[in-house]
Amino acid sequence: MEHIFERLQGLKVVDCRNSNVVPLSVRHTMREAAGMLRRHGISGAPVVDEHGHCVGMLSASDFVHLAADDHDASPPSAFARQEHGQHRVPIEIEEIAEDMVSKYMSTGVQSVRQETNLVNAAQMMCSCHIHRLPVLDENS
């Protein structure tokens with residue numbers, strides 16, 4: 001068992017990162033972003049500016065915020081609902097807004113370098129309550 005922990009301590013982010021990243025542009029609309037996420041079968045992506053620098057993250061939960069903003073002033077959740085008379089029904093996103101991605105993306109992006117210890121990256125994700133951690137190279 002100790003061998004497993006030693007191996008884990010020796011792993012770096014570069015050893016297990018996803019190198020097939022699909023970036024979104026700050027110029028994309030939410031509709032375009034939804035299409036890209038769906039085509040690639042992913043639930044989130046980094047948002048880059050015109051220079052290719054990561055300026056935010058967009059995830060499926062941001063679409064929940066969009067839907068909740070359209071239907072209700074209460075805080076959104078994955079189970080957001082709207083009232084229809086006496087019945088509660090799930091919110092349906094019939095049409096994705098033409099708002100820009102930059103309006104809904106998270107801007108407080110935490111990132112790591114390729115050589116970051118994997119355990120340290122996992123601790124960062126847990127302590128910051130984040131699901132995505134962009135890996136930046138020496139040029140980013």
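**Exercise 1. In this predicted model, find which residues leucine 24 is in contact with, leaving aside its neighbours within four places in sequence, and then place leucine 24 in the largest nonpolar core.**

Step 1. Once those sequence neighbours are set aside, leucine 24 is in contact with Ala33, Met36, Ala45, Pro46, Val47, Val48 and Leu58.

Step 2. The largest nonpolar core has 15 residues, and Leu24 belongs to the group that touches the most other members, together with Met30, Ala33, Val47, Leu58, Phe63 and Val101.

Step 3. At least two residues of this core come from each of α2 (30-40), β2 (44-48), α3 (60-71) and α4 (101-104), and α2 gives the most, with 4 residues.

**Exercise 2. Work out which residues of α2 are buried and why they line one face of the helix.**

Step 1. The buried residues of α2 are Met30, Ala33, Met36 and Leu37.

Step 2. Because an α-helix has 3.6 residues a turn, residues three or four places apart point the same way.

Step 3. When α2 is seen down its axis, the buried residues fall within an arc of 120°, and therefore they line one face of the helix.

Step 4. Arg38 and Arg39, on the other side of α2, are exposed, and just after the helix glycine 41 takes a positive phi of about 65°.

**Exercise 3. Describe the open sheet by giving the order of its strands and the direction in which β1 and β2 run.**

Step 1. The open sheet is formed by 3 strands in the order β1-β2-β3, with mixed pairing.

Step 2. The edge strands, each of which pairs on one side only, are β1 and β3 (54-59).

Step 3. Strands β1 and β2 run parallel and are joined by 2 bridges; serine 25 has valine 48 in β2 as its bridge partner.

**Exercise 4. Find which side chains meet in a salt bridge, and state how exposed aspartate 99 and lysine 103 are.**

Step 1. A search of the whole structure finds 1 salt bridge, in which the side chains of aspartate 99 and lysine 103 meet at 3.4 Å, N to O.

Step 2. Aspartate 99 has 26% relative accessibility and so counts as partly exposed, while lysine 103, with a relative accessible area of 56%, is exposed.

**Exercise 5. Decide where the chain has a pLDDT below 50.**

Step 1. The chain averages a pLDDT of 79, and 75% of the residues score at least 70.

Step 2. Among the elements, strand β1 (residues 24-25) has the highest mean pLDDT (96) and strand β4 (residues 81-84) the lowest (48).

Step 3. The pLDDT is below 50 over residues 73-83, a stretch that has 18 contacts in the model beyond near neighbours in sequence.

Step 4. Predicted coordinates should not be read in detail where pLDDT is low.

Definitions and conventions:
Residues are numbered from 1 along each chain as its sequence is written. This is a predicted model: local features need pLDDT of at least 70, side-chain atom pairs count only at pLDDT 80 or more; totals for chains, interfaces and linings use all residues. Side-chain values use heavy atoms; hydrogens and water are left out. A nonpolar core is a set of buried Ala, Val, Leu, Ile, Met, Phe, Trp, Tyr and Cys residues joined through side-chain atoms within 4.5 Å. Buried means under 20% relative accessible area, exposed over 50%, partly exposed in between (1.4 Å probe, protein chains only). Contact means heavy atoms within 4.5 Å. pLDDT is the predictor's confidence in each residue, from 0 to 100. Two strands pair if DSSP finds at least two bridges between them. The arc is that of the directions from the helix axis to the C-beta atoms. A salt bridge is a side-chain nitrogen of Lys or Arg within 4 Å of a carboxyl oxygen of Asp or Glu.
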